[in-house]
Amino acid sequence: MIYQIYPRSFQDSNGDGIGDLNGITSRLDYLKNLGVNVIWLSPHFDSPNADNGYDIRDYRKVMKEFGTMADFDRMLAGIKKRHMRLIIDLVVNHTSDEHRWFQESRKSRTNPYRDYYIWRDGKPNPNAPHGFDPPNNYPSYFSGSAWQWDDSTGQFYLHLFAEKQPDLNWENPKVRQEVYSLMRFWLDKGVDGFRMDVIPLIGKTPGLPDLSPEQLKDPSKVWANGPRRDEYLQEMNREVLSKYDDMSVGEAIGIGLSETHEIVGEDRHELSEIFNFDAARIGAMGGYEYRPLQLEELKAVYDRHAKVLGKQDWDTSFLGNHDMSRVVSRWGDTSTPEFRALSAKLLQTMVLTLKGTAYLYQGDELGMTNYPWTKISEFNDIEVQNRFKSDVAAGKLTEQQLIAGAAAYGRDNARTPMQWDTTKNAGFSVGDHTWEPVNPNYPQINAASQIADAKSVYHYSQEMIALRHSDPAFVYGDYQDLDPSQEHIFVYTRTLGKSTFMVVLNFSRRQIEYTLPPAVRAGNLKLGNYRTAVDEAGASTLHLRPWEARVYQQ
Ligand code: TEU
Ligand code: CA
């Protein structure tokens, strides 16, 4: 399984309230003991942090706050010594506007780096600022137009994310070679692969025509399916990925199940796997609006994955990351400490037994929750602040609505400091200030107290990871949902040869007497999330307690 670290929030080692690489190195035994195989490190590169590192100024330099290249090398050596591996974040759909390439590019229309980015003339409009409207109606993911006017050269440049994140022009072969060269730089250092940020977006739509009203409802679907996307990913594979023992996982917003094979099929020679968000972002209605989770709807997504993805289309299993609110707050039950722990364990059971490479986000192994945000100024995320500046200012929603939405679904929830113990700042930092507030529930939710409690979410996560590693059925086994229309119970099997496991999850706060489908009987209980396990081996009816999870060997 792969464990994602958001370095700014993992462990501070020098008291400046910002996590760093030496902090990670000091916690490698914790990760080893948890059962981690691979670490995914969110961006650690030199950056002005307009988007917390997803805006890179120098791809071959470590961010000053995070430490030095020597710190990186020591961290990597520590990971390898513990027989773990490291993948890093490849953010090459865009750079920082402070990157040397963009600094050059904006100097003049004839600068050799001009074509490294996407510059276009505006549409003449005497009433518009500078006399021009943007080249087309592309919206930015972070509110407003995706085009920024540049006075000195009288053109607009494209930025699908923030103004300080100009998109690279992948049609320019020089740009592609620059990317392949920096990938080799890190692979030659011993890094084991890449998580690739919004990678399908690199294939832009020729001519950059306006989006239709229908397309404007979900621009990602257009932007992720440009005609040259696969040509670029196959070239990247041919020139770099195929030459190393590495893995690659693409963050594939805009990619649906029907397109997944094109990117991950073994015969396609592109990427190892992708994150597609149709499960993790189920119910999304735009902005911070989500429909409440319908279990049948979620189960239908996993059922489709199993039916559509062939044996050679590897999948991923994940419920959280640094762009989503905490999963136990989103899909679990934090109404009482007991239900928080039980539902956190249930969600761990699900993510670690579904089909595909399993990803855990830092702190989910402890059942960390959302933070009690109350005012706009508390949020660090550019996505929230931009929405405040544009959407609230334009009256699209009120400040209170934005606070409520961001408090429930905002990205800052995943970025509050890791809760290590009950000391100052939850042991994250000895400093007087931390870059994001520490969740006030750290005295109740922290690694040290859970390591000391054999029945904690931490130990359950450790046991569930060990169980997953104990039998290849959890990795390669066929997936089958035994009761897709059941409203509160998620029951499925993983079968490989003679080995079958059955997972039973009660996704509700109610006691449920659940009768298994005809001819199905419970096998031997391998793991249960209650402190006092109830086995019911051989039974056809199971008495499930609130938020109960059981894994049976059939
Ligand atoms: O995220 C892309 C993405 O899916 C998110 O921006 C998402 O649309 C939004 O956050 C919904 O709340 C990647 C990185 O994971 C993210 O951290 C970066 O902000 C973004 O790309 C730009 O690099
Ligand atoms: Ca620090």
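User: Why are Asp 12 and Asp 20 called buried?
Analyst: Both Asp 12 and Asp 20 are classed as buried, because the word stands for under 20% relative accessible area, with exposed over 50% and partly exposed in between (1.4 Å probe, protein chains only). This is a predicted model, in which local features need pLDDT of at least 70, side-chain atom pairs count only at pLDDT 80 or more, and totals for chains, interfaces and linings use all residues. Residues are numbered from 1 along each chain as its sequence is written, chains are lettered from A and ligands numbered from 1 in the order in which they are written, and side-chain values use heavy atoms, with hydrogens and water left out.

User: What makes residues donors of the calcium ion (ligand 2)?
Analyst: Donors are N, O and S atoms within 2.8 Å of the metal (3.2 Å for Na, K and Ca); water is not among the atoms, so sites may look incomplete. Asp 12 (OD), Asn 14 (OD1), Asp 16 (OD), Ile 18 (O) and Asp 20 (OD) lie 2.2 to 2.3 Å from the calcium ion. Their spacing in sequence is D-x1-N-x1-D-x1-I-x1-D.

User: How do you know that the radius of gyration agrees with a compact globule?
Analyst: The radius is taken over C-alpha atoms, and the globule rule is 2.2 Å times the number of residues to the power 0.38. For 554 residues the expected radius is near 24 Å, and the protein has 24 Å, so the two agree. Along the principal axes, the C-alpha atoms fill a box of roughly 75 × 50 × 50 Å. Of the 554 residues, 61% are buried.
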